[in-house]
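Q: Could you take a close look at one part of this model with me? I would like to start from a single side chain and work outward from there.
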Amino acid sequence: MNNQIQQRIDRLKSYGQSLAGANVAYREDWGTIYFGLIGKQFGMMSPEANDDAIITLKNKPEVNEELREQYSEAIIPGYYANKTHWNSIRLAADEVTDEQIEQLILTSYELVYQKLTKKQKEELTTL
């Protein structure tokens, strides 16, 4: 099971890094894998592959509620995060596919991107 979770962690890290300007790296002071965009967080993920491993992502409050209801075994209110704007997804759960999590990573990234200044967005296009 841990091997499957590790593969999932590796895949989601790679996907996050593929987004323009995204920085996905282990953040020692938090003990987590940090997903950032110009210093703004759009996700965090457990670094160890175990049954408790999660990824926490931002979304619109109403969407977060729907996801928690639809995937009650896999998606919970954001761990160590604002429970309205963040959800945590259990990486050991099969209910939510890798593709669905990748879409949620993209949504979280886009929500943060929308809040960037015009100058910051222009910097991203020159990367």
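Leaving aside its neighbours within four places in sequence, which residues is Ser108 in contact with?

A: Happy to. This is a predicted model, in which local features need pLDDT of at least 70, side-chain atom pairs count only at pLDDT 80 or more, and totals for chains, interfaces and linings use all residues. Residues are numbered from 1 along each chain as its sequence is written, and side-chain values use heavy atoms, with hydrogens and water left out.

Not counting residues within four places in sequence, Ser108 is in contact (heavy atoms within 4.5 Å) with Phe42, Leu57, Lys58 and Trp86. Ser108 sits in helix 3; helices here are DSSP runs of H or I with at least four residues, strands are runs of E with at least two, and both are numbered from the N terminus. With 0% relative accessibility, Ser108 counts as buried (under 20% relative accessible area; exposed is over 50%, partly exposed lies in between, with a 1.4 Å probe and protein chains only). Its side chain reaches the backbone nitrogen of Lys58 at 3.0 Å.

Next, the elements around it. Helix 3 (residues 98-114) lies across strand 1, strand 2, strand 3, strand 4 and strand 6, at about 40° to strand 4; such angles run from 0 to 180 degrees between N-to-C directions of axes fitted to C-alpha atoms, for helices over the stretch in contact. Helix 1 (residues 2-17) lies across strand 1, strand 2, strand 3 (40-45), strand 4 (54-58) and strand 6 (86-90), running at about 20° to strand 2.

These strands belong to an open sheet of 6 strands in the order 1-2-3-4-6-5, paired antiparallel (two strands pair if DSSP finds at least two bridges between them). At its edges are strand 1 (22-27) and strand 5 (75-77), each pairing on one side only. On average, neighbouring strands of this sheet are turned by 25° against each other, direction ignored.

Strand 4 and strand 6 run antiparallel, joined by 5 bridges. Here Thr56 of strand 4 stands opposite Ser88 in strand 6, and a polar contact of 2.7 Å joins their side chains. For that term, the criterion is a pair of N or O atoms within 3.5 Å; within protein, one must be able to donate a hydrogen and the other to accept it, and residues adjacent in sequence count only if both atoms are side-chain atoms. Thr56 is buried, at 3% relative accessibility. Leaving out residues up to four places away in sequence, Thr56 touches several residues, including Phe42, Trp86 and Ser88. In strand 6, 4 of its 5 residues are buried. Strand 6 also pairs with strand 5 in the antiparallel sense over 3 bridges, where Pro77 has Asn87 as its bridge partner.

The nonpolar surroundings complete the picture. The largest nonpolar core (buried Ala, Val, Leu, Ile, Met, Phe, Trp, Tyr and Cys residues joined through side-chain atoms within 4.5 Å) has 31 residues, and Phe42, Ile55, Leu91 and Ile105 have the most contacts inside it. Its largest share, 5 residues, comes from helix 3. Beyond four places in sequence, the contacts of Ile55 include Leu12, Phe35, Leu91, Ile101 and Ile105.

Finally, helix 3 is also one of the elements, with strand 5 and strand 6, against which the buried residues of helix 2 pack.
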